[in-house]
Amino acid sequence: MNSIKNVPARVLNRRPGHSLEAEREQFDKTQAISISKAINTQEAPVKEKHARRIILGTHHEKGAFTFWSYAIGLPLPSSAILSWKFCHVLHKVLRDGHPNVLHDCQRYRSNIREIGDLWGHLHDRYGQLVNIYTKLLLTKISFHLKHPQFPAGLEVTDEVLEKAAGTDINNIFQLTVEMFDYMDCELKLSESVFRQLNTAIAVSQMSSGQCRLAPLIQVIQDCSHLYHYTVKLMFKLHSCLPADTLQGHRDRFHEQFHSLRNFFRRASDMLYFKRLIQIPRLPEGPPNFLRASALAEHIKPVVVIPEEAPEDEEPENLIEISTGPPAGEPAVVADLFEQTFGPPNGSVKDDRDLQIEALKREVEMLRSELDKIKLEAQRFIAQLKGQVNALEAELEEQRKQKQKALVDNEQLRHELAQLRAAQVEGERNQGLREEAEKKASATEARYNKLKEKHSELINTHAELLRKNADTAKQLTVTQQSQEEVARVKEQLAFQVEQVKRESEMKLEEQSDQLEKLKRELEAKAGELVRVQEALSRTEQSGSELSSRLDALSADRDELSRVVRQREADLLAAQSLAREKEEALSQEQQRSSRERDELQGRLADKESQEQGLQQRLLDEQFAMLRATAVEARRILQDAVGKLDDPLHLRCTSSPDYLVSRAQAALDAVSALEKGHAQYLTSRADASGLVAALTRFSHLTADTIVHGSATSHLAPTDPADRLIDTCRECGARALELVGQLQEQQALLQAQPGLVRTPLQGILQLGQELKPKSLDVRQEELGAMVDKEMAATSAAIEDAVRRIEDMMNQARHASSGVKLEVNERILNSCTDLMKAIRLLVTTSTSLQKEIVESGRGAATQQEFYAKNSRWTEGLISASKAVGWGATQLVESADKVVLHTGKYEELIVCSHEIAASTAQLVAASKVKADKHSPHLSRLQECSRTVNEMAANVVASTKSGQEQVEDRDTMDFSGLSLIKLKKQEMETQVRALELEKTLEVERVRLGELRRQHYLLAGATGAPGEEEPSQPSPAPRSGTKKPPLAQKPSVAPRQDHQLDKKDASYTAQVVN
């Protein structure tokens, strides 16, 4: 047994005076013995009786002054086991001792911290546990000093918890964080103990294992209360703060919940804890703090300490604090010595006095036993009353929960009725949807073949994905099995090594005990010899004592009668205690039966409520899933239109596409809101279903009109628009697929569809044609003005060609004169044909206006059909500009300052411009109109005249060019080879130049299309009266809408009527 050093001076100096000093001295001795026996170096758990005496001592003196006065003298730095048991006893004293113990321990915080830091720096198994245990004790002292409402035992009612938390949300937040820190220290100690122990049953039954496991009983008691308080505080925080702010608290609570649940599970499996404490079981999953009604489902974990069996009292060796006879001298020898030679100091005591003293001591011992039994009975009664009060409080809480469940049940019934009404409305909408599907079945039949091929590709791809997933799964299972085998091997090796170490330690302990027993046997043999000698001397005096025994027999009988009377009183007290115990047990059984009955009813009601709630959730999700399936079909049909050849003839305007895209963006916002509402409350999916239906229709409408708009757009914007529509369809289908699965529903992000829809909206804005910078009421006047200007330009061109022909006849002769006359004559014929075409177009235009305007004026008709009017204006401008450019090119050719190619290109441009004018006139004309027939005839004539200009230009170019025959007479072989190489180099350079010019031509045409749609008439000169004066200042006016024909190249003639085709969107 460990001896206590540095016994306080007040104990050594105290001498028996009056009764108070004697009682105080006896109390100090008892405390010293209990502390010495409880805190020692033996690797065994602290006995409960010694710890109980220390705790009763704190209540006796209303503090821990005596405990700390002896504990300071313990050699804690010399033994890790001694420090470990000191921490255990201090933990029990803090929990069950007097409330003033907490303030007394505050004075010795530095001593506790020094012990923990000392053992934390040493590599000792118990030392590491001591370091963690001291941190837990310091945290416990700080917490309870800061929050005096919580006793060290942590057992308070919910009202006290509410009062301690208060109404300030900052105080509740801080209190929750401090309880999390408190719980972390408790769990860290338990994990460290389990890490050093093998969890086998045999280890928990060994003294070394029980020495480590004993403090975990207090840890279990603390953790059960801390878990209940943190759950209450977390629900209170979630009722005042948003969920995102408390994400860190929830993560920390979930981590502590799983650690605590694992700790309780492992502890309940050990035999050591089964006989000492009843450990509660935590639920499978943590509470859902996002649902306020989950607080009613929380059950407070209750730790029950079973009644302890009375332990046999050990003989107590008092601490030697004064001089006296040696403790090792046998008591028998002292008695024989006194009987033979008499008592010391001449005081004579006969056998009667000795027997009376022995009987008095026995009576005192019986009285102390009776007092102890009474104390135990009172403690047990108080404990049972506390359990009864706890059960009554729990019963009241169950009644409140039952009332709340009834209210929630009525609310659920009302919501179920609303859901059924919504379901009837959904069935009616489903009937309307089925009718729409029947109407659309005729259209869907056209795409069956494409769908079949697409489904085959999907099946093939899915099969490949399944094979890949199976392979990956098999590989993962193989790896996991290998890791499990390796982990089991390591665990078995560790267990074998630990068993070896424990067997060696046990063998050493047994050898030490054997040696100790041998030494004790030798000492007993010596004592036996001495006792035999004393017995021989006692036999001589036995005859003298026999006479005295006869006299004392009468006194013994009297004393026996008194003892029997005392025993009868003791039996009566014991029977009274048993009756009280039976009454308490019956009351406890009755309360437990009532509680079980109420719990059964509550469980049935909760199961019914959960069934109704689950049924409601399933019906809501089924409705959502059906809507998502239908939305997927709608979107798949819209995406299929992108590759449908029959859809190429469908066109749409950018304005309508912009309106559809904007509506689809609004639907995305509504879908996000509905998705968030559904995640918050799974019992109501109406908002999400309505938003999903509107979203699918508007998105499909946007994709279809985006495809139709791309048919009239230039190549690059059309490609980008088609790609954006495909991306929009893919993301929408992905979103709808996620909404069909409950697991993927949480990760669904409707906002991802917004990006492609915004891209479609931006492309639609870019494709919107820019109107001429004039008011709509001026369009009618501008049409007449532009047609008159075009006629004037053609008349001026004819006049200039005649002037050029007269000048050519005077300035040239021979072949050049013939070539110039032929070119100018063909240009004159072309101009006449164009003039006739413009005149016919003007007549057709008037016919269109008169037939289409009705009661409106001509300006109102042009304003109403502004797009068509702008096309006419652009076409007439192009014809006037082409005529002027053709005259200037012909002038340059006649004067030998231009190129014949310019004349050919101008002819092609005039043919294209007239084709645009014809197309613009044909849009609103009646197909049986005679003016339309004459206009088409004039268009063919213009094409023929343009072809004549090109032919006369090419033939004249061939006649004028000097084709000298090459003279090879004076060239050698080397010179011929050199000229051949130079010619090849020149040919390669020309080919490269041709390729570069073709690329440049394509870029110019692309830029022309972009400018035609991006810029309007401002900044451009409109030649009302074309004049031949400045030849380099003429610019081609941009087109309001460039004609686009998907499969044809630029300036490709129609084989049917030899005219350029164009499409004008109204």
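A residue counts as partly exposed when its relative accessible area lies between the 20% limit for buried and the 50% limit for exposed. In this predicted model, Arg 261 has a relative accessible area of 26%, so Arg 261 is partly exposed. Arg 261 belongs to helix H14, which covers residues 247-268. Its contacts beyond four places in sequence are with Leu 282, Pro 283 and Glu 284. The side chain of Arg 261 comes to 3.1 Å from the backbone oxygen of Pro 283. Glu 284 lies 23 residues from Arg 261 along the chain, and the two C-alpha atoms are 8.5 Å apart.

The chain as a whole is described next. The protein chain holds 30 helices and 0 strands. Of its 1066 residues, 37% are buried. Among contacts with a separation of 6 or more, 80% join residues 24 or more positions apart.

Helix packing was examined for three pairs, beginning with the helix that carries Arg 261. Two packed helices are described by the angle between their axes and the distance between the axes. H14 packs with helix H13 (residues 216-238) at an angle of about 150 degrees, and the axes are 11 Å apart. The cut-off for roughly antiparallel is an angle over 145 degrees, so H13 is roughly antiparallel to H14. Their crossing is left-handed. On the H13 side, the contact includes Leu 216, Val 219, Ile 220, Cys 223 and Tyr 227. On the H14 side, Phe 253, Phe 257, Leu 260, Phe 263 and Phe 264 are among the residues that take part. The contact of H13 with H14 comprises 14 nonpolar, 4 polar and 1 charged residues.

Further along the chain, helix H19 (residues 654-680) packs with helix H23 (residues 754-767). The angle is about 160 degrees and the axes are 8 Å apart. H19 and H23 are therefore roughly antiparallel. The crossing of H19 and H23 is left-handed. H19 contributes residues including Pro 654, Leu 657, Val 658, Ala 661 and Glu 672, and H23 contributes residues including Arg 754, Leu 757, Ile 760, Leu 761 and Leu 767. The residues of the contact of H19 with H23 divide into 11 nonpolar, 5 polar and 2 charged.

Helices H20 (residues 686-710) and H21 (residues 715-739) form another pair, with axes that come within 9 Å and cross at roughly 160 degrees. H20 and H21 are therefore roughly antiparallel as well. The crossing of H20 and H21 is left-handed. Leu 692, Phe 695, Thr 699 and Ile 703 are among the H20 residues in this contact. They meet a set in H21 that includes Leu 721, Ile 722, Cys 725, Cys 728 and Leu 735. The contact of H20 with H21 has 12 nonpolar and 6 polar residues, and no charged ones.

Two residues of helix H5 (residues 80-96) were also examined. Ala 80 is found in H5. Its relative accessibility is 8%, so Ala 80 counts as buried. Beyond four places in sequence, Ala 80 touches Trp 119, Asp 124, Tyr 126, Gly 127 and Val 130. Tyr 126 is 46 residues from Ala 80 in sequence, yet their C-alpha atoms are 5.5 Å apart. His 88 lies in H5 too. With a relative accessible area of 5%, His 88 is buried. Leaving out neighbours within four places in sequence, His 88 is in contact with Val 46, Tyr 133, Ala 214, Pro 215 and Gln 218. The side chains of His 88 and Gln 218 are joined by a polar contact of 3.2 Å.

Backbone geometry was considered at two loop positions. Most residues other than glycine have a negative phi. Lys 62 has a positive phi, near 55 degrees. This residue sits in the loop between helix H3 (48-61) and helix H4 (65-71). Lys 62 has a relative accessible area of 54%, so Lys 62 is exposed. Leu 154 also has a positive phi, near 65 degrees. The loop that holds Leu 154 runs between helix H8 (125-146) and helix H9 (158-165). At 0% relative accessibility, Leu 154 is buried.

Technical notes. Residues numbered from 1 in each chain as written. Predicted model: local features only at pLDDT ≥ 70, side-chain atom pairs only at ≥ 80, totals over all residues. Heavy atoms only, no water. Helix = DSSP H or I, 4+ residues; strand = E, 2+ residues; numbered from the N terminus. Buried < 20%, exposed > 50% of the residue type's maximum accessible area, 1.4 Å probe, protein only. Contact = heavy atoms within 4.5 Å. Polar contact = N/O pair within 3.5 Å; in protein donor to acceptor, adjacent residues only side chain to side chain. Axes fitted to C-alpha atoms, helices over the stretch in contact; angles between N-to-C directions. Parallel < 35°, antiparallel > 145°, perpendicular 65-115°, else oblique. Left-handed = near helix turned anticlockwise from the far one by under 90°. Nonpolar A, V, L, I, M, F, W, Y, C, P; charged D, E, K, R; others polar.
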